[in-house]
Amino acid sequence: EKGVMPDKITFNTILLACEKGHGYELASNVFDSLPSLGIAKDREAYGSIISAHARAGKPELVFKALDEMEKSGIAPDEITYSAAISSCEDYELALNLLKMMKSKGMAPDRKTYHRVIFICSKFSQVAHVDNLIEQMSVDGVCVNVNTYNVAVLGCGESGDENFAFQLLETMKKQNIVPNERTYDAVLSACQNSGNQELAFYVLDAIKADKIVDIDSLRLSQ
């Protein structure tokens with residue numbers, strides 16, 4: 001209207017806003033229209049559309065965009081992969097992106113590992129969760145109470161109370177002390193699955209262990 005043409009920064013801001021705001025169709029349209037507008041697709045643009053594809057559960061488009069990015073001379077970096085993984089809701093896509101990231105010599109950080117663990121746990125992928133926690137240790141990424149908490153939180157969403165309890169017992173064997181968040185997540189999994197017997201068993205264990213104040217737990221009643 002005032003004769004000012006939108007530039008690369010403007011379009012990248014729009015792409016980022018669409019990706020964060022779940023505006024997938026608009027993000028795709030804006031990204032595809034960049035060449036015709038004389039705007040080069042840069043690292044930020046690719047990063048936004050890759051994350052948008054990941055959030056929308058479109059693995060074929062994620063890998064297509066990564067391939068196109070490399071062919072254009074822009075190598076995907078840790079931020080590209082980590083952002084895509086953080087947007088994933090598909091555990092297979094998250095695992096594949098993590099594998100690609102490591103194959104290119106990149107070191108996933110704790111946040112990235114935690115996201116993949118959460119998604120796998122959410123879909124009751126027990127073997128993958130166990131393997132990821134082991135990978136963290138091998139890669140020198142500290143496994144702590146938050147690592148197990150994100151796994152147990154995933155169980156809470158899926159209602160897989162048996163896996164949640166298994167994780168609780170495993171962390172104790174590893175001398176990792178559960179906290180209120182851990183126990184709340186285990187009890188949430190029991191609640192979502194309707195397993196009252198296990199819930200009461202966990203509550204009795206909390207009282208016996210005296211690790212946390214039972215009255216501080218959201219689901220203790």
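**Why those labels?**

Me: Which residues of α8 are the buried ones?
Reply: Val129, Leu132, Ile133, Gln135 and Met136. Looking down the axis of α8, these buried residues fit within an arc of 155°, so they line one face of the helix. The arc is taken over the directions from the helix axis to the C-beta atoms. "Buried" means under 20% relative accessible area, "exposed" means over 50%, and "partly exposed" is what lies in between (1.4 Å probe, protein chains only).

Me: What kind of model is this, and how are residues numbered?
Reply: It's a predicted model, where local features need pLDDT of at least 70 and side-chain atom pairs count only at pLDDT 80 or more, while totals for chains, interfaces and linings use all residues. Numbering starts from 1 along each chain as its sequence is written, and side-chain values use heavy atoms, with hydrogens and water left out.

Me: What makes α8 a helix, and how does its span compare with the expected one?
Reply: Helices are DSSP runs of H or I with at least four residues, strands are E runs of at least two, and numbering goes from the N terminus. α8 covers residues 126-138, which is 13 residues, so it clears that minimum of four. The expected span is 1.5 Å times one less than the number of residues. For α8 that comes to 18 Å, and the helix reaches 19 Å from its first C-alpha to its last, which is close.

Me: What sits on the other side of α8, and what does its buried side pack against?
Reply: Ala127, Glu134 and Val138 are exposed on that other side. The buried residues pack against α6 (91-103), α7 (110-122), α9 (145-158) and α10 (161-173).

Me: Which residues of α2 are buried, and what makes them a face?
Reply: In α2 (residues 24-33), the buried ones are Tyr24, Ala27, Ser28, Val30 and Phe31. They fall within an arc of 165° down the helix axis, so they line one face. Turned away from that side are the exposed Glu25, Asn29 and Asp32.

Me: Why is Leu217 called buried?
Reply: Its relative accessibility is 4%, so it counts as buried. Leu217 lies in the segment after α12 (196-209). Leaving aside neighbours within four places in sequence, Leu217 is in contact (heavy atoms within 4.5 Å) with Glu180, Tyr183, Asp184, Leu187, Ile206 and Val212. Leu187 is 30 residues away from Leu217 in sequence, yet their C-alpha atoms are 9.2 Å apart.

Me: Is Ser124 buried, exposed or partly exposed, and what about Asn175?
Reply: Ser124 has a relative accessible area of 31%, so it is partly exposed. Asn175 has 70%, so it is exposed.

Me: What makes their phi values worth a look?
Reply: Most residues other than glycine have a negative phi. Ser124, in the loop between α7 and α8, has a positive phi of about 55° although it is not a glycine. Asn175, in the loop between α10 and α11 (180-193), has a positive phi of about 60° and is not a glycine either. Gly140, just after α8, takes a positive phi of about 80°.

Me: How many helices and strands are there overall, and what share is buried?
Reply: There are 12 helices and zero strands. Of the 221 residues, 46% are buried.
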